[in-house]
Each structure stands twice: as structure tokens, then as C-alpha cells.
Amino acid sequence: MKFFVDTADVEAIAELNDLGMVDGVTTNPSIIMKSGRDIKEVTKEICDMVSGPVSAETVALDADGMIEEGRELAKIADNIAIKVPLTWAGLKACNVLSGEGRMVNVTLCFSPNQALLAAKAGATFISPFLGRLDDLNLEGTDLIADIRTIYDNYGFETNILAASIRSANHMKEVALIGADVATAPPNVIKSMANHVLTDKGLDAFMKDWAKTGQKIL
Ligand code: G3P
């Protein structure tokens, strides 16, 4: 499973990138707002740092506007994936932009049928939002599993990009289902390393080691 980082915090991306943990980056208008940065400037900085796809989202609500904005965002770098919402207009824009050979990430997906339409429209990535379904006490993981089944049934090449991931447990669940990519905030990716028994075991080893009086270096 590929790891995308769901942030425009360049320092956080750099830290994970140095560990080889970053296969791509996703942003959206809320993430750009939180960064306090200019969209083109920060996106360019990220694209220079990361060789994988960097999603930048359009904000027009009509297809022509999305296409125009998408072409403009794609000028930032070769690894831009243009993000459009899963509306009828977004599907039209996806069809045109992917027909031009551009990467397109169709976002705000909440149903298997929406994902089927995005694949038919030539999406490179479909972004089902796990956490926001969980917020409504709906099974977000069922959505990812249903999309996996549908795409596999017909050999669709659209990559399932599990999004709105809020916890290390979400990462495990989507990896078990077979999502192609998971995008998560940096703190969630880092939290995957944590285990209370690791901490406890390490503490016991350190205490015993101190009793030996030895040094390795
Ligand atoms: O990947 C989409 C993400 O940015 C939305 O996450 O936590 O706002 O639902 P969240």
C-alpha cells in the first residue's frame, strides 16, 4: 500500500520523506487554508520535494471552470494530480482532463456507485472518505471493501486512495482490504510505530542492560 501524506505542512512532509515513507501528497482547500500559504507556492515546494503524485484541488463548481483550473494547477509540476469533486460536473472534468493524459483524483466519494462512475470517467485515483462516514456511525471500511470488489470484478485501473483517515487502526483496516493508497495526516502515519508493549519491553531491556554495567561503544 502506498502512503500519501494528507497535509501541506512542508516540514512534516520532509521528515517523513527522509524516511522513504512518502509516495505522494494530498491537499484540499481546507488543508491549504490551514497552511496559511499560497496554493501555487506551497504546492510547487511540495512537488519539488516529492516525486510521486501531489493532489491539488480545483474550486470551481462547473465542469468548464474545473477544467480550466485543473490545467492551471497542472502547470505547477509534472507530478500534479488534479483533484475534482465527485459531482456530475466533476466527472465531466475528470473525463476531459484524464483524456488529456493528466492524473485526476476524484474526491469526496461516499458510495460505491460514485466510485464506479469515477472509474468510468477515467479517474487515476478515487478518494473514498473513511472517517467522515465513521463520524455518522456508518461503516467507512465497507465502502472501501465494496469499491475494491467492484474494481476487481471489472479490472478497473483506478487506484483506491483511502482518505479521511484518522487513526493507525484505519490504516490497518484499509491495508487489509487492499486499498492501493492511504492518505493520512503525518501524526497518524507516525503513530503507526507506537505500541505499549514495545515501550514496556524497551524499558525492561534498558533496566537490565544498566545492571550489566557494559557499554557497546
Ligand atoms: O483526505 C481527505 C481529508 O483531508 C479529509 O479528512 O479528517 O477532514 O475528514 P477529514
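This is a chat about a predicted model of one chain with a ligand.

Colleague: Before we start, what are the ground rules for this model?
Modeller: It's a predicted model, where local features need pLDDT of at least 70, side-chain atom pairs count only at pLDDT 80 or more, and totals for chains, interfaces and linings use all residues. Residues are numbered from 1 along each chain as its sequence is written, and side-chain values use heavy atoms, with hydrogens and water left out.

Colleague: Fine. How many helices and strands are in the chain?
Modeller: Eleven helices and eight strands. Those are DSSP runs numbered from the N terminus: helices are H or I with at least four residues, strands are E with at least two.

Colleague: And what does the C-alpha trace span?
Modeller: About 70 × 40 × 30 Å along its principal axes. The chain has 217 residues, and 45% of them count as buried. Buried means under 20% relative accessible area, exposed is over 50%, and partly exposed is in between, using a 1.4 Å probe and protein chains only.

Colleague: On to the ligand. Which residues are around it?
Modeller: Asp6, Asn28, Ile31, Phe129, Arg132, Ala163, Ser164, Arg166 and Thr183. A residue makes that list if one of its heavy atoms lies within 4 Å of the ligand.

Colleague: What's the mix by class?
Modeller: Three nonpolar, three polar and three charged residues. Here Ala, Val, Leu, Ile, Met, Phe, Trp, Tyr, Cys and Pro count as nonpolar, Asp, Glu, Lys and Arg as charged, and the others, Gly among them, as polar.

Colleague: Which side chains have a polar atom close to a ligand oxygen, say asparagine 28?
Modeller: Asparagine 28 has a polar side-chain atom 3.0 Å from an oxygen of the ligand. Aspartate 6 has a side-chain N or O atom 2.6 Å from a ligand oxygen, and for arginine 132 the distance is 2.6 Å. A polar contact is a pair of N or O atoms within 3.5 Å; within protein, one must be able to donate a hydrogen and the other to accept it, and residues adjacent in sequence count only if both atoms are side-chain atoms.

Colleague: How much of the ligand does the protein bury?
Modeller: Taken alone, the ligand exposes 310 Å², and the protein buries 81% of that.

Colleague: Back to Ser164. Where is serine 164 found, and is it buried or exposed?
Modeller: Serine 164 is in the loop between β7 (159-162) and α9. It counts as buried because its relative accessibility is 9%. Its phi is near 55°, a positive value in a residue other than glycine.

Colleague: What's the usual sign of phi?
Modeller: Most residues other than glycine have a negative phi. Leucine 108 also has a positive phi, near 60°. That residue lies in strand β5 (residues 103-109), and with a relative accessible area of 33% it is partly exposed.

Colleague: Switching again, where is threonine 27?
Modeller: In the loop between β2 (24-26) and α2 (29-35). Threonine 27 is at 2% relative accessibility, so it counts as buried. Its side chain reaches the backbone oxygen of serine 55 at 2.6 Å.

Colleague: And valine 25, buried or exposed?
Modeller: Buried, because its relative accessible area is 0%. Valine 25 is in strand β2.

Colleague: Last one: which helix holds alanine 168?
Modeller: Helix α9 (residues 168-177). Alanine 168 and serine 191 are 23 residues apart in sequence and 6.3 Å apart in space, C-alpha to C-alpha.

Terms used
Accessible areas come from the Shrake-Rupley method with a 1.4 Å probe; for residues, only the protein chains shown count as cover.
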